[in-house]
Amino acid sequence: MASTVFSNSDALQPKNPQLEPLELNPSTGEPFLRVEGFDDIIITPLRWEDAPTFIPYMNDPAVYSWVSGPPVPYLTSDAEQWCNRMIPPQKATLFELEKARDQPALITLNACPVNSIRKVNDDGTDLFIGSVDIHRVSLGELVLGESGEYVVDMSRKEENQKRNEEREVGDPDIVWEIGDYLAPSYHGRGIMTSCVKTILTKWAVPRMNTRIVRVSVFSGNIGSQKVFLKNGFKHIATLRDHVVVRGRQEPWRC
């Protein structure tokens with residue numbers, strides 16, 4: 001009598017040790033970082049189906065008033081563009097980890113494969129509530145002046161950014177920056193403070209060899225300033241009238 005054997009190699013295969021410290025959703029296999037201090041908050045890769053959820057966030061003045069890039073109104077096409085920008089690199093990073101499955105030591109990477117903050121419900125479903133991204137810094141014009149204080153030198157912006165982009169993966173001199181936002185209904189709970197800590201301590205430092213991180217926030221965004229100060233950041237400069245956002249000049253604190 002003949003018998004047919006079915007197998008699911010992905011299901012039988014043990015967890016890739018290169019994913020450390022990522023955990024895997026037992027139902028979907030999706031990787032995630034567990035956020036310290038919250039039993040119901042995780043950070044996962046961005047999903048194509050997240051767009052309808054974050055469009056309202058990006059059209060809320062409690063969010064868009066404190067971000068310089070996204071347009072207002074924020075449209076479906078803008079959300080699709082963001083997904084197209086973020087999802088392929090995240091998948092590429094996960095693929096790189098899979099290729100290194102059999103290597104004895106953890107590899108160093110150039111990116112973090114997770115950025116989407118989610119609230120996990122009692123039934124196991126989850127809700128996208130925000131984002132925390134780490135990438136190579138774009139503020140190349142901020143330089144250390146002869147007086148020992150940071151100053152703006154636009155003539156060196158392109159050169160500095162190019163040098164930073166060309167540094168090899170794992171170079172401790174790479175300058176990184178963090179961008180983040182949270183759904184307004186979740187503000188004031190310490191969630192973003194813990195998410196930034198999680199990204200830095202669980203992934204950026206051990207898996208990317210991150211040693212230098214700079215962030216810039218609008219001077220009026222006291223909540224965001226507190227997030228980074230609580231994570232050990234120090235204020236090094238105020239760039240007055242440095243950016244034009246929706247027709248008005250805004251100072252940045254770095």
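This report walks through some features of a predicted model, from one long-range look at a helix down to single residues.

## Helix α4 and its cover

Let's start with helix α4, which runs over residues 76-99. It has 24 residues, and the distance from its first C-alpha to its last is 34 Å. That is close to the 34 Å you would expect at 1.5 Å a residue.

Which residues of α4 are buried? They are Asp78, Ala79, Cys83, Met86, Ile87, Gln90, Thr93 and Leu97. The parts that cover these buried residues include α2 (51-58), β5 (126-136) and α6 (191-208).

## The nonpolar core

Now for the inside. The largest nonpolar core in the model has 51 residues. If you want to find the residues with the most contacts inside this core, look for Phe54, Ile117, Val132, Ile134 and Cys195. Several elements give two or more residues each to the core: β3 (41-44), α2, α4, β5, β8 (175-182), α6 and α7 (222-229). The largest share, nine residues, comes from α6.

## Leu127, a residue in strand β5

Leu127 sits in strand β5. Is Leu127 buried or exposed? Neither one fully: with a relative accessible area of 33%, Leu127 is partly exposed.

Leaving aside residues up to four places away in sequence, Leu127 touches Thr53, Tyr57, Ile117, Arg118, Lys119 and Tyr186. Another residue to find on screen is Ile41: Leu127 and Ile41 are 86 residues apart in sequence, but their C-alpha atoms are 9.6 Å apart in space.

## Arg207, a charge without a partner

Next, head to helix α6 and find Arg207. This residue is buried, yet it has no salt bridge. Why not? The nearest side chain of opposite charge is Glu20, and it is 7.3 Å away, while a salt bridge needs the nitrogen and the carboxyl oxygen to be within 4 Å of each other.

What does the side chain of Arg207 reach instead? It gets to the backbone oxygen of Glu20, at 2.5 Å. So Glu20 does meet Arg207, but through its backbone oxygen, and the 4 Å rule asks for a carboxyl oxygen of Asp or Glu. Arg207 has other neighbours too: not counting residues up to four places away in sequence, the residues it touches include Gln18, Leu19, Pro21, Leu97, Leu106 and Lys202.

## Two cis bonds and a positive phi

Glu20 turns up again in the backbone. A cis peptide bond joins Glu20 and Pro21, with omega at about 10 degrees. Pro21 belongs to the loop between α1 (9-12) and β1 (23-24). Another cis peptide bond joins Val72 and Pro73, and here omega is about 5 degrees. Pro73 is in the loop between α3 (61-64) and α4.

Asn209 is worth a look as well. Its phi is near 55 degrees, which is a positive value in a residue other than glycine. You'll find Asn209 in the loop between α6 and β9 (212-214), and at 22% relative accessibility it counts as partly exposed.

## Salt bridges

How many salt bridges does the model have? The count comes to 10. One of them pairs Lys119 with Asp40, with the closest N and O atoms 3.3 Å apart. Lys119 lies in strand β4 (residues 116-120) and Asp40 in the loop between β2 (31-34) and β3, so this pair ties together parts that are 79 residues apart in sequence. Asp40 is partly exposed, at 28% relative accessibility.

Helix α5 (residues 157-166) holds both Arg163 and Glu159, four residues apart, or about one turn of the helix. These two form a salt bridge, with their closest N and O atoms 2.6 Å apart. Arg163 is partly exposed at 36%, and Glu159 is partly exposed at 44%. Lys162 and Glu166 also meet in a salt bridge, at 2.5 Å from N to O. Because they are four residues apart in helix α5, about one helical turn separates them. Finally, Glu30, Arg47 and Asp126 are linked in a network of salt bridges.

Note on methods
Residues numbered from 1 in each chain as written. Predicted model: local features only at pLDDT ≥ 70, side-chain atom pairs only at ≥ 80, totals over all residues. Heavy atoms only, no water. Expected span 1.5 Å × (residues − 1). Buried < 20%, exposed > 50% of the residue type's maximum accessible area, 1.4 Å probe, protein only. Contact = heavy atoms within 4.5 Å. Core = buried A, V, L, I, M, F, W, Y, C linked by side-chain atoms within 4.5 Å. Lys, Arg positive; Asp, Glu negative; His and termini not counted. Polar contact = N/O pair within 3.5 Å; in protein donor to acceptor, adjacent residues only side chain to side chain.
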